[in-house]
Amino acid sequence: MITEDEIIDIVISVSDNKIKKENFNSNSNLVGPNSIFDSLGLVQLCIALEDKASEIGFEFDWKSEKAMSTMSSIFKNPESLAIEFNKQFSEQKNK
Amino acid sequence: MIIVTGGSSGLGKFIAQSLENDNHKVIRISRRSSNFENHLNCDIRNYEDLRKTYKKIKDLGEPVFALINCAGIASMNLALTTPKNVIENIINTNLIGTIYTNQVFAPLIIRSGKGRIINFSTIAVSIALEGESVYSASKAGVECFSKVLAKELANFKITVNCIAPGPIRTNLIRGINEVQIKNILKNQIIKKEFNHQDVFDIVKLILSPDSSSLTGMVFPVGGNNGFR
Ligand SMILES: NC(=O)c1ccc[n+]([C@@H]2O[C@H](COP(=O)([O-])OP(=O)(O)OC[C@H]3O[C@@H](n4cnc5c(N)ncnc54)[C@H](OP(=O)(O)O)[C@@H]3O)[C@@H](O)[C@H]2O)c1
């Protein structure tokens, strides 16, 4: 499982600390015109989440059709990303 | 480590063996089992199959420097008489399979901090070769995909290029007769038949540290007189 705060910490480290904690919260946009994150950062974030998932024994698929077809993209903000990550974790653990 | 799809036959097999001779660790990928060590069975048309293969390679824990996508099929047919299943198979293998492979495996190279992706096109694209409309369409798609991917991966220090051979004697061109081969060769700037080693020489050039600025390009083997 992952918390929104952990995702925010990953975002900050992936941005080489260019993104500051005081300017970024669980509702800040990860993609789109208002995002302070570029596509490079987004891919690095996905890879970091994949590693985190491996550590706790499941596979995080950020390209899955299910993940992408949710009403709002899983990448909308740290909150939506944490929800999807934890959903995939629970689904795989309950299999 | 270097991943070579289509590493069980033809150009992929030659490239994989030559890389091993140059002391690279190579993972070969193709559908049929082979006697090679470091071979993984995977159908590049199948996304789930590729995801599983990705996981196996990732679990090896070794940095991946390059992905060389040789897996491909061809079929000579007139545009109006190509059966539906042949059209689908060519597009699913050459275009969609190559896109899947790039998408699924690129993160392995991103993790390594820099690297190379080489996709295979063909001279048939630039000369608009009659009898190869679907095959050429699939490979034109690969060229365009590679160009865009080159832009998207540039910040990760990954170059993406295509090699576009003319006829090289492998199983792929078994159905093409000598006259047809001669006619294709006439379209190359250097009007001679090239071989597996010539293709590998271009692979080596692209893999070399000196080629870090070469990206989004199509390397025609022997040059071509096409419109691009
Ligand atoms: N030879 C030429 O004259 C020539 C000219 C221009 C371009 N090219 C391109 O160069 C590349 C290599 O061609 P080649 O001449 O070496 O052909 P080849 O000897 O027929 O080898 C093709 C390889 O692709 C693999 N493959 C085919 N479909 C696959 C799939 N769905 N999933 C995984 N692997 C698959 C085959 O293994 P399995 O069957 O076991 O899967 C085999 O290892 C191709 O992309 C081709 O279009 C070749």
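**Exercise 1. State how many helices and strands chain A has, and give their order.**

Chain A has four helices and zero strands. Helices (H or I, at least four residues) and strands (E, at least two) are DSSP runs, numbered from the N terminus. Read from the N terminus, the order in chain A is α-α-α-α. The model is predicted: local features need pLDDT of at least 70, side-chain atom pairs count only at pLDDT 80 or more, and totals for chains, interfaces and linings use all residues. Residues are numbered from 1 along each chain as written, chains are lettered from A and ligands numbered from 1 in the order written, and side-chain values use heavy atoms, without hydrogens and water.

**Exercise 2. Do the same for chain B.**

Count: seven helices and seven strands in chain B. Order from the N terminus: β-α-β-β-α-β-α-β-α-α-β-α-α-β.

**Exercise 3. Compare the radius of gyration of chain B with that of a compact globule.**

Take the radius over C-alpha atoms; the globule rule is 2.2 Å times the number of residues to the power 0.38. For 228 residues, a compact globule would have a value near 17 Å. Chain B has 17 Å, which agrees. Next, the extent: the C-alpha trace of chain B spans about 50 × 40 × 35 Å along its principal axes. For chain A, the corresponding box is roughly 40 × 30 × 20 Å.

**Exercise 4. Describe the shell around the ligand.**

Start with the count: 30 residues surround the ligand, each with a heavy atom within 4 Å of it. The closest are B:Leu11, B:Arg32, B:Tyr135, B:Ile168 and B:Thr170. Sort by class: 13 are nonpolar, twelve polar and five charged. Here Ala, Val, Leu, Ile, Met, Phe, Trp, Tyr, Cys and Pro count as nonpolar, Asp, Glu, Lys and Arg as charged, and the others, Gly among them, as polar. Then map to elements: α1 (10-21) and α5 (133-153) of chain B each supply at least two shell residues.

**Exercise 5. Find the distances from ligand oxygen atoms to B:Gly6, B:Ser8 and B:Gly10.**

- B:Gly6: a backbone N or O atom lies at 3.2 Å.
- B:Ser8: a polar side-chain atom lies at 2.8 Å.
- B:Gly10: a polar backbone atom lies at 3.5 Å.

Finish with cover: the protein covers 96% of the 880 Å² of accessible area that the ligand has on its own (Shrake-Rupley method, 1.4 Å probe).

Definitions and conventions:
Polar contact = N/O pair within 3.5 Å; in protein donor to acceptor, adjacent residues only side chain to side chain.
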